[in-house]
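The exercises below ask for a careful reading of contacts and strand pairings in a single model. Each task is followed by a solution worked step by step.

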Amino acid sequence: MGCGTSSSMKDKKSEKALKAALVIQNWYRGHSAQLKTRQRYALTIFQSIEYADEQGQLELSNFFSFMLENYTRLLEEDSELVTHLFDSNIQDKDRQDYWVLIDVPDSYCGPRLQFPLTFTDIDLLIEAFKQQQILHAYYVLEVLFETKKLLQQMPNFTHIKTSPSKEITICGDLHGKLDDLFLIYYKNGLPSVSNPYVFNGDFVDRGKNSMEILMILFVSFLVYPNDLHLNRGNHEDFMMNMRYGFTNEVLHKYKLHGKKILQVLEDIYTWLPIGTIIDNEILVIHGGISESTDLNLLHRIERNKLKSVLMPPIPIDGDHATEKGNKVGTTITARGIRTNGSLSEQLTKHEWEQVIDILWSDPRGKRGCYPNTGRGGGCYFGPDITSKILNKYQLKMLIRSHECKPEGYEICHDGKVITVFSASNYYEEGSNRGAYIRVSSGTPPRFFQYQVTRATCLRPLYQRMNAVESRAIRMLKERMISQKTDLIRVFQLQDSSKSGKLSVGQWAFSMENILGLNLPWRSLSSHLVTTDKDGNIDYMSSFQDIHIQKPVKEVQSTLIETVYRYRSDLQIIFNVIDSNHSGLISMEEFRSIWKLFKSHYRVCVDDSQLDELTERMDLNKDGSIDFNEFLKAFYVVHKFDKLSKSDTKVA
Amino acid sequence: MADDRDREGTEIAVAEFHKKIKEAFEVFDHESNNTVDVEEEEPTGYIRFEKFLPVMTEVLLERRYRPIPEDILHRAFEVLDPAKRGFLSKEELIKYMTEVGERFSQEEMEEMLSAAIDPESNSIHYKDYITMMVVDEN
């Protein structure tokens, strides 16, 4: 340009540049903040629906009790069902013999374990699973039997000592996400005498490699029983597995021996320790505590008697009323329902509740202890409860898991409670980070965060957010369509002028009233409905992009809707009835169950077409129903979807 | 008469804003104690809902913090690109964003680059970038 550029021109230029930079920075930050908000909203949606489902799960246990009470035919004729539901041990001897007879063909090219196991077996498994190999059922069962034997020797709470040279690593929920376990072992090192671990429950369900995670963890445990600690989570429960995917995974991967594996697992779960105590200072348990948590009692109880959270102890006298609130109780008047040695086979109600609190509770900011209405089990405990219980047992800190956190961990209650969650991308790729904690006496805990990604380079934030958000909205819309009739009823009640329109406030009220998910409806409305220029909502547009596929055209929508809404529950119920895992139940059983189901869940639906429905779906003409096929026919179609049917699962 | 209706209209609007703000607040108030964290280097404080509500209501009523229009954003980029090449080099963008104005942190800079940069030319074609981001906003 040449000399002579005056300094004032330069100033003007840099002033313009400054303003331009500011515009861009402000815009960018606003945009980022919006993205983060959308992520939060999506997470809230996922979480609300997840907890509502958990509530549904606990409701199911009430139904089983109700069913036993009323379905007398079952009691008389099908004692096998009863024993399946409530009985404890088929003899061990029976199981071991079975396993030894399994043959591993020469053609099997998966990993072969050598007992007694050593650290090379851990490596072997990891390498094999990285190549998506499946461990043969023979080895699976061998690992399971050995694990059970060892677990039976463990106390309810393992006491651990650390030192400055021996830190311990605490991991939270993994939920079948194998990549996260690989990452942890890679970043933090394999377990060993100098590198101990605590895995704080919920190893299974939801992710697709629960089996592989269990195998790696159990083998690690067998090799280093004093340095690899496993705590029971609320998903280490065969009833939860039926709803949340692990049962399906096992039966799918192990078509021949899956049932056997599931049986052994049922037992193993009950032998998992309840928690660990580190340096007499830190209590590590899966869920949380309640105001009545009694650690001394918990040390003493026979933990293996708690089969499932959905199997509360049945009172022998008919004197127990169900308590209000979250406690899952029963109102059975038992008359010899149980076959042998009933009383000694179960925990007392008080003991049972103590364990449920440990596995299901969540910390909250509000003081006091309240029933955990979100999940339907355990409680919400406030900072005062934490202080009280920690002081009572001279502890300093509580480390727990059970809740997904965007950053993988969260500290609350004034630093006394830490939540650690180790399944990154739990709800959807990009939804959250995972974390683990390293702890040793005398030093503050150190946190390590990560996020597994399938892509070689991370997609930009806005693309990840779009994916997370669309999936959350899809799930929400599926909830909405499953309650379509009830929603329309409430909408129309408020639409006195029959205009088809409601104010935002009225629409939000209706949604919360029927769906009860405690979501920010006003902020979400733009994703769910169309709004006119006056700001009023066309409420029928709530259902425009989505419908439930009718397996048979002429059947009433309300019946379809009801079966769709309860499909997960029905699948579990059928699975339990079908005690020999044939996949079939008789037409008569189906009708009786449906009748009981309607009555207990108080669904008002005209099911005169139910028979027609089952017949028309060309199910077995011999009077039995393949219930999995039946339920699969009820799925949701998203109008603007490239992948529809293959994407939606029944349970 | 019209005045009354106007006032009533505003009251209803305010009440609706209040509900909307409360809903949004609750999403971030994960401890359910009516406070949200303030993101700072070392979070020292929380914002209480009672304080947040009137401020936010005013912000919404007065329609502050409206999204920045596309053309203004485009002009801002053009100021930084006086030769009108249609792009900024990676170094130029980094220089402006991290040294001038309300400077970006390293994390923010990396975040912006991940979406904005064309890896082959190592530059940001801002017209395309803006179009892509604005579509996403809607």
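**Exercise 1.** Describe the contact between chain A and chain B in this predicted model, stating how many residues each chain contributes and how much area is buried.

*Solution.* Begin with the residue count: chain A brings 40 residues to the contact and chain B brings 36 residues. Next take the area, which is about 3500 Å² buried between chain A and chain B, with carbon and sulfur atoms giving 62% of it. On the chain A side, the residues that lose the most area to chain B are A:Trp27, A:Tyr28 and A:Arg522, and together they make up 21% of what that side buries.

**Exercise 2.** Identify the polar links between chain A and chain B, and then determine which elements of chain A supply the side that touches chain B.

*Solution.* The interface of chain A and chain B holds one salt bridge. A salt bridge links A:Arg29 with B:Glu108, where the closest N and O atoms are 2.9 Å apart. Seven residue pairs are in polar contact across the interface of chain A and chain B, both residues of each pair being at pLDDT 80 or more. Turning to the elements of chain A, two or more residues each come from helix 1 (7–70), strand 11 (409–412), helix 15, helix 17 (504–515) and helix 18 (521–528). Helix 1 of chain A gives the most, with 21 residues on the side that touches chain B. Sorted by class, that side of chain A has 20 nonpolar, 11 polar and nine charged residues.

**Exercise 3.** Set out the domains of chain A, and characterise the contact that domain 2 makes with domain 3.

*Solution.* Chain A is divided into domain 1 (98–108 + 116–315 + 348–450), domain 2 (472–543) and domain 3 (554–647). In the contact, eight residues belong to domain 2 of chain A and nine residues to domain 3 of chain A. These two domains of chain A bury about 770 Å² between them, and 45% of that lies on carbon and sulfur atoms. Within domain 2 of chain A, the residues A:Arg474, A:Glu478 and A:Ser482 lose the most area to domain 3, together 61% of what that side buries.

The rule finds one salt bridge across the interface of domain 2 and domain 3 of chain A. A:Asp486 and A:Arg565 form a salt bridge in which the closest N and O atoms are 4.0 Å apart; the cut-off applied is 4 Å. Helix 15 (461–482) and helix 16 (484–494) of chain A each supply at least two residues of the domain 2 side that touches domain 3, and the largest share, four residues, comes from helix 15 of chain A. By class, this side of domain 2 divides into one nonpolar, three polar and four charged residues.

**Exercise 4.** Work out the strand order of the open three-stranded sheet of chain A, and then examine the hairpin of strand 13 and strand 14 of chain A.

*Solution.* The open sheet has the order 7-9-8 in chain A, with mixed pairing, and its edge strands are strand 7 (362–363) and strand 8 (369–371) of chain A, each of which pairs on one side only. Strand 8 of chain A runs antiparallel to strand 9 (residues 379–381) of chain A and is joined to it by three bridges, with A:Tyr370 standing opposite A:Tyr380 in strand 9.

For the hairpin, six bridges join the antiparallel strand 13 (residues 434–440) and strand 14 (residues 443–450) of chain A. A:Gly434 has A:Tyr450 in strand 14 as its bridge partner. Two residues lie between the strands of this hairpin, in which A:Gly442 takes a positive phi near 90°.

How values were computed: Residues are numbered from 1 along each chain as its sequence is written. Chains are lettered from A and ligands numbered from 1 in the order in which they are written. This is a predicted model: local features need pLDDT of at least 70, side-chain atom pairs count only at pLDDT 80 or more; totals for chains, interfaces and linings use all residues. Side-chain values use heavy atoms; hydrogens and water are left out. Two strands pair if DSSP finds at least two bridges between them. Domain bounds come from an automatic or database domain assignment. Contact means heavy atoms within 4.5 Å. Buried area is the accessible area (1.4 Å probe) that two parts lose on being put together, summed over both. A salt bridge is a side-chain nitrogen of Lys or Arg within 4 Å of a carboxyl oxygen of Asp or Glu. Ala, Val, Leu, Ile, Met, Phe, Trp, Tyr, Cys and Pro count as nonpolar, Asp, Glu, Lys and Arg as charged, and the others, Gly among them, as polar. A polar contact is a pair of N or O atoms within 3.5 Å; within protein, one must be able to donate a hydrogen and the other to accept it, and residues adjacent in sequence count only if both atoms are side-chain atoms.
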